[in-house]
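Student: I'd like to go through this one and check the reasoning behind the labels. Can we take it step by step?

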Amino acid sequence: MPEVKSTLREVLPKQGQVSMEEVPTMVLCKPKLLPLKSVTLEKLEKMQMEAQDAIRQQELAMKEEPK
């Protein structure tokens, strides 16, 4: 296939303004690291662990009392 060469002639006005249209492009930014667990979830888990420990201690105290 023969190559078709089209010649475009650049036309600049001799008077007036020359403007250029800006085409928006994508801008890449650094990825944001998100925590695997939220602070609230960590607090709730800590409270739950403390409550379970308190229940275990009460159960151990109840087992040792009747002796």
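Student: What does the secondary structure of the chain come to?

Tutor: Keep in mind this is a predicted model. The chain has one helix and zero strands.

Student: And how much of the chain is buried?

Tutor: Buried residues account for 0% of the 67 residues. The chain's accessible surface is about 8300 Å², and 59% of that belongs to carbon and sulfur atoms.

Student: Why is the pair Lys-37 and Glu-45 called a salt bridge?

Tutor: The closest N and O atoms of Lys-37 and Glu-45 are 3.1 Å apart. The cut-off is within 4 Å, so the pair counts as a salt bridge.

Student: What makes Lys-37 partly exposed?

Tutor: Its relative accessible area is 39%. Buried means under 20% and exposed means over 50%, so Lys-37 falls in between. Glu-45, with 31%, is partly exposed too.

Student: How many salt bridges does the structure hold?

Tutor: Two. The Asp-53 and Arg-56 pair also has its closest N and O atoms 3.1 Å apart, and that is within 4 Å, so this pair qualifies as well.

Student: Where do Asp-53 and Arg-56 lie?

Tutor: Both are in helix 1, residues 39–64. They sit three residues apart, about one turn of the helix.

Student: How do you know whether Asp-53 and Arg-56 are buried or exposed?

Tutor: Compare the values with the cut-offs. Asp-53 has a relative accessible area of 36% and Arg-56 has 47%. Neither is under 20% or over 50%, so both are partly exposed.

How values were computed
Residues are numbered from 1 along each chain as its sequence is written. This is a predicted model: local features need pLDDT of at least 70, side-chain atom pairs count only at pLDDT 80 or more; totals for chains, interfaces and linings use all residues. Side-chain values use heavy atoms; hydrogens and water are left out. Helices (H or I, at least four residues) and strands (E, at least two) are DSSP runs, numbered from the N terminus. Buried means under 20% relative accessible area, exposed over 50%, partly exposed in between (1.4 Å probe, protein chains only). Accessible areas come from the Shrake-Rupley method with a 1.4 Å probe; for residues, only the protein chains shown count as cover. A salt bridge is a side-chain nitrogen of Lys or Arg within 4 Å of a carboxyl oxygen of Asp or Glu.
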